[in-house]
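Got the viewer open? Here is a walk through it, one selection at a time.

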Amino acid sequence: MEALVLARLQFAATTIFHFFFVPLSIGLVLLIAIMETMYVVKGKEEYKRMAKFWGKLFLINFAVGVVTGIIQEFQFGMNWSDYSRFVGDVFGAPLAVEALFAFFMESTFIGLWIFGWDRLSKKVHMICIWLVALGTTVSAFWILAANSFMQRPVGYTINNGRAEMNDFFALIGNGQLWVEFPHTVLGAFATGAFMITGISAYKMLRKQDVQFFKKSFTIAVIIGLVASFGTALAGHQQSQYLVKTQPMKMAAAEGLWGKSGDPAPWTVYAHIDTDNGKNNFEIKIPYLLSFLSYSQFSGEVKGMNELQAEYEQTYGPGDYIPPVKTTFWSFRIMVAAGCLMILLGMYGVYLAWRKKLERPNKWYYRLMLWGISLPFIANTAGWVMTEFGRQPWTVFGLMQTKDSVSPSVTSGQLLFSLIAYCAIYTALAIVMVYLFVKTIKKGPYAENHTDDKSTDPYGKEGYHAVS
Amino acid sequence: MLSLNELWFVLVAVLFIGFFFLEGFDFGVGMSTRFLAKNDMERRVLINSIGPFWDANEVWLLTAGGAMFAAFPNWYATMFSGYYTPLVVLLLALIARGVAFEFRGKVANGKWKGTWDVAIFLGSLLPPFLLGVVFSGLMKGLPIDGDMEMKAGLFDMVNLYTLVGGITVVVLCLVHGLMFASLRTTGSLQERARKLARKLMIPLAALFVIFGVMTYFQTDVFKVRGLALVLLAVVGVACFLLAGMFMSKHRDGWAFGMTGALIALSISSVFVGLFPRVMVSSISETFSLTIHNAASGHYSLKVMTIVALTLLPFVLGYQIWSYFVFHKRVHEKEHLEY
């Protein structure tokens, strides 16, 4: 296989896998921080147990998120060296700041949190988990700042045959970043929340530790609903921004070949024929695309054919239409999953409000168990749409994907690394699911190690080390 | 005054020194779980002794990589794509090791633990070895062409010189790690750690001498920076002797400081020898990557300098605090997280 195809496959596989764990970490740590805060404020042991139980799942997940992230940072240089040379001046900075600002914070304070239950005061220990939460969110901000540059390059000039930064504040003030960041982070909060509601629902279904899981469910479902709804609103902001900055992506996401007409209808379903550049069958909702694009019920949206002609004028001959079916369907899958999350969340909040959680809500709890998958589907589909929809560009308007790969890396090397990564990731996924299930089955009242003998770490044996 | 390019060269060097100093001891402790611990409990004590730190220590490597990307994109691009296969192995090792710490204690089953123990051992052995090979290669020279592309065959990367470099780094990390274990454990485990560290000092001295001599003949760094390197070597010999002395007097803290100083001096020597180059080309001197032709533009470096100098004090502050929080020895009788 061609090196370019393998490098793209590797980027897609490793990034999608990495992004199963990242949003879950961001979401879980926020909820754990809230639970620990309730413990500190209300002083009830139950909340501490909550933070510890969900903390176990968080830590298993966090470990996988961290180690798969190392590949992400190395991958640009390894597989995409021409890309790295071209954008390093601009793109490297947010990555370095992410490491310096966020990675150090996360990793240091997670160590303090895990090992510090008996060594730090309640309040300091609580601050540690909040700093981990802040670290994960800050990390998201900087990596999205880098991604936003790829979607909408700003704050640079072309100099010495490469993009050089000339305005750092333009980079972090990038409009793209400020629609992408809330959408992604709120989605991550929802991911953590739906994990907790799903597991709690399962436990309540099994009538195990019902009180514990009822409380967990209540906290998480509120966060889950607010975050899902917020994600949808931020997504609406993002789509309006998209029409202005990357109209081709929008047109592909709508399967829109010609002009939409005014007002523009939204296509629910289309039979897309990419070879002939048309759709054979469509189901449309009138006005909706105008609303998605401009927040009003009028206004026309440009189609792919028209944009292709415009881009040929600007960038020279070439094919500027991204993979239409992938972009179209990933968008719809994301939206559908998000809508389901909002509906499930609303019903859950209603149940909690009316104190009906302890009733046998069998069908709803089963749905919530399956609902764990929804944010993962939405996250993945969202990124597939964003990254596929930008093709053929790596940096929109500046550099194409085919010019970005490492010239010195052979397809044999790429195939070797792809197989190696996929093998180790598969093993990680199996182990992780196994450990999740095991931890959940044990429940919140089981001890970590059965062979633990507890003594006071401040006792005689724990004397000062440097003597 | 340092130019920004020079400053960033120093900063990248500092990040790598920090990485090898800190992660060096947790690599060493990780390796020692294989032969120093006599049973599962001792192994757990060793793992717990680095438990709160290893993740943050590894971030030094990530930050060094990020700093290279931001300040010297051509260095990052050439080195990471050129050293492709060793880096793949490095990544696999770091992945396996990272999850092993977290997963090992989750299931009470001998085979389960045994598997993760292998991951911890190999994951602690391979990275310092591979990085030793890579850093020696930077000095020795690599086939880098006029387009800054490194097209290296296996023997360009792995040869007698770089192998000795790799082994030296491994033994250095192991001694450093054993001293850390002496600091954070008690009883017979602590005794054995001290003993083994002392035993390893002789092979370590031999490796240093062999690597130094080979460096003289295989690279040009002594011709370029002879005086500075000789000075560093003199300080190194002093640190080495002091380390041996403190070890025999059971002054573990001081001995750990000295093994750390040896690591810092070794890595500094590599960077001093390279300066102002970052990668030496074996094809032609004019193709070598330097702090000028590999660097980002002035504006970018300036912004990064402000950001880095603002954040670094905080990072150092809370990292030092975390070592202070966990300064007590790990004991079998207390609650062990891992």
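Start by selecting A:Lys302, which counts as partly exposed at 37% relative accessibility. Add A:Glu310: this is a predicted model, and in it the two side chains meet in a salt bridge, 3.0 Å from N to O. A:Glu310 is partly exposed too, with a relative accessible area of 30%.

Stay in chain A and pick A:Glu254 and A:Arg332. They form a salt bridge, with the closest N and O atoms 3.0 Å apart. A:Glu254 sits in the loop between helix H8 (247-253) and strand S3 (266-273) of chain A, while A:Arg332 is in helix H11 (residues 324-353) of chain A, so the pair ties together parts that are 78 residues apart in sequence. Are these two buried or exposed? Both A:Glu254 and A:Arg332 are buried.

Now hop to chain B and show it alone. You should find 12 helices and two strands. Its C-alpha atoms fill a box of roughly 60 × 40 × 35 Å along the principal axes. Colour by burial and 66% of its 338 residues count as buried. The radius of gyration of chain B is 20 Å, which agrees with the value near 20 Å for a compact globule of 338 residues.

Next, zoom in on helix H9 (residues 187-218) of chain B, where B:Glu191 and B:Arg194 lie three residues apart, about one turn of the helix. Their side chains meet in a salt bridge at 2.9 Å, N to O. B:Glu191 is partly exposed at 38% relative accessible area, whereas B:Arg194 is buried at 11%. For a bigger set, select B:Asp40, B:Arg43, B:Arg104, B:Lys113 and B:Asp117: salt bridges that share partners join them into one network. Over all chains, a search of the whole structure finds 21 salt bridges.

Last stop: bring both chains back and look between them. The contact takes 84 residues from chain A and 78 residues from chain B. About 7,600 Å² is buried between the two chains, and carbon and sulfur atoms give 69% of that. On the chain A side, highlight A:Arg85, A:Phe104 and A:Phe115, which lose the most area to chain B, together 11% of what that side buries.

How many salt bridges cross the interface of chain A and chain B? The rule finds one: B:Glu149 with A:Arg85, the closest N and O atoms being 3.6 Å apart. There are also 17 residue pairs in polar contact between the chains. To finish, colour H3(A), which gives the most to the side of chain A that touches chain B, with 26 residues.

Methods
Residues are numbered from 1 along each chain as its sequence is written. Chains are lettered from A and ligands numbered from 1 in the order in which they are written. This is a predicted model: local features need pLDDT of at least 70, side-chain atom pairs count only at pLDDT 80 or more; totals for chains, interfaces and linings use all residues. Side-chain values use heavy atoms; hydrogens and water are left out. Contact means heavy atoms within 4.5 Å. Buried area is the accessible area (1.4 Å probe) that two parts lose on being put together, summed over both. A salt bridge is a side-chain nitrogen of Lys or Arg within 4 Å of a carboxyl oxygen of Asp or Glu. A polar contact is a pair of N or O atoms within 3.5 Å; within protein, one must be able to donate a hydrogen and the other to accept it, and residues adjacent in sequence count only if both atoms are side-chain atoms. Helices (H or I, at least four residues) and strands (E, at least two) are DSSP runs, numbered from the N terminus. The radius of gyration is taken over C-alpha atoms; the globule rule is 2.2 Å times the number of residues to the power 0.38. Buried means under 20% relative accessible area, exposed over 50%, partly exposed in between (1.4 Å probe, protein chains only).
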